[in-house]
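Trainee: Could you take a close look at one part of this structure with me? I'd like to start small and then see how that part fits into the rest.

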Amino acid sequence: MVNGTCFFSMTCKLLMEKAGISPGKGNYMDKALMLLNNLYSQNSLSKQETVYLLENMTGNVEEKLFEYSDITRKKYFGNRIFMRGLVEFSNICRQDCLYCGIRCSNKNADRYRLSLDEIIECCKTGYQLGYRTFVLQSGEDSWYTLEKLSCLLKSIKHKFPDAAVTLSIGEKTKDEYRTLFYSGADRYLLRHETASKKLYSKLHPSMDYNNRIKCLYNLKEIGYQVGAGFMVGLPGQTGSELAEDLLFLKKLNPHMIGIGPFFPHSRTPLKNESGGSLEDTLKMIALTRLFIPDSLLPATTAIGTLHPKGRELALKAGANVVMPNISPVDTRVKYELYENKICTADRASHCRKCIENRINHAGFEIDMGRGDSPRKEKRAAAPF
Ligand code: SF4
């Protein structure tokens, strides 16, 4: 249920069936099915059509959506699921996003920061476990100056030349992004969170929507493989706003897209709100697969937190990436964007095996390669 509307009220029958979880029966929706067929064949719909489809997503339409998203993922990526090693290296953040457990106003957060050597040590562990992409993620922590980050990137690239590095460290100037790119960063994740300017402003009192969007276009222009993405079930979020998310992604055409449910963290101003649902999140993943068919779409830890089989369900809905944690075990619970996060007590080697078993069991195979976007362009030499 999103903001009292009922367009996501059905359970995800087809996925549930495949995962051995209680199926149900749905209704036939003529026009919605026709729009879905158009989306499947053309990877595009108008705003009005997208809203209609969202509002009439029941029964056969829902089944067809998951069937189409599964076929589409297979068409572009086969049965492969790409693995990324995630390093959460600092939970210190200057921003104050209303939904986030590590926002600067949360004085109860147990803060930590890894040294550059500790980050490299995590990559070494990851490399030995077979990972060929490291995702380096943190709050917006100014202790990591441009110089330190450049040094870190060069060192990682020197030690592990066949691995890709993804940064997820927030908003920076175009020049800073460019320096990081030419120091070795290959990809950059910066979720837009919501394409509704109004909702974005409410949730991010210290941030500017236009700058966020500008950052994404700057990253693309520089040559990064870029990741955007949004949250599902945000307080006050409407079907029309979710349609805007899909259409914004269509326009930006990012290489990677992260979609996760909203969780009401008890130490934030949104603690009394309802969270996003599994059903809604899975449907948005499936629709995203149809709008941007060649995207790299993670089955997030957040969706795994929502349901024990959440990540498997997300893969069946069209996702094709998983990001097991390779951070030190004692820091994982502190990187608390939301509460009750899974896999906080498991060693990196355990996570690696556990997720591989889950992926295989769900009928997929893991791919431990770099897993670049099919749209990746050859890197240009540094202009300086
Ligand atoms: S969502 Fe990101 S930018 Fe916002 S407070 Fe949390 S860590 Fe900082």
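Leaving aside its neighbours within four places in sequence, which residues is A314 in contact with?

Mentor: Sure, with some ground rules up front. This is a predicted model, where local features need pLDDT of at least 70, side-chain atom pairs count only at pLDDT 80 or more, and totals for chains, interfaces and linings use all residues. Residue numbers run from 1 along each chain as its sequence is written.

Now to your residue. Setting aside neighbours within four places in sequence, A314 is in contact with L282, I285, A299, I303 and A319; contact here means that two C-beta atoms, placed from the backbone, lie within 7 Å. One of those partners, I285, comes up again in the largest nonpolar core: of its 103 residues, V87, I285 and A314 touch the most other members. A nonpolar core is a set of buried Ala, Val, Leu, Ile, Met, Phe, Trp, Tyr and Cys residues joined through C-beta atoms within 7 Å. Buried, in turn, means 20 or more other C-beta atoms within 10 Å of the residue's own, again with C-beta atoms placed from the backbone. Helix α11 (residues 278-291) gives the most to this core, seven residues; helices are DSSP runs of H or I with at least four residues, strands are runs of E with at least two, and both are numbered from the N terminus.

Where does the core sit? Domain 1 (13-75) and domain 2 (80-367) both give residues to this core, so it lies between them. Those domain bounds come from an automatic or database assignment. The two centres, taken over C-alpha atoms, are 26 Å apart, and 21 residues of domain 1 are in contact with 22 residues of domain 2. On the domain 1 side, the elements giving two or more residues are α1 (13-18), α2 (30-42), α3 (47-55) and α4 (59-77). The largest share of that side, seven residues, comes from α4.

Stepping back, the chain has 15 helices and nine strands. Three of the strands make an open, parallel sheet in the order β8-β1-β9, where a pair needs at least two bridges found by DSSP. Strands β8 (321-322) and β9 (365-367) are the edges, each pairing on one side only. Strand β1 (residues 80-83) pairs with β9 over three bridges, and R80 has E365 as its bridge partner there.

As for the whole chain, 49% of its 384 residues count as buried. Its C-alpha trace spans about 60 × 40 × 40 Å along the principal axes.

Note on methods
Buried ≥ 20, exposed ≤ 12 C-beta atoms within 10 Å, placed from the backbone.
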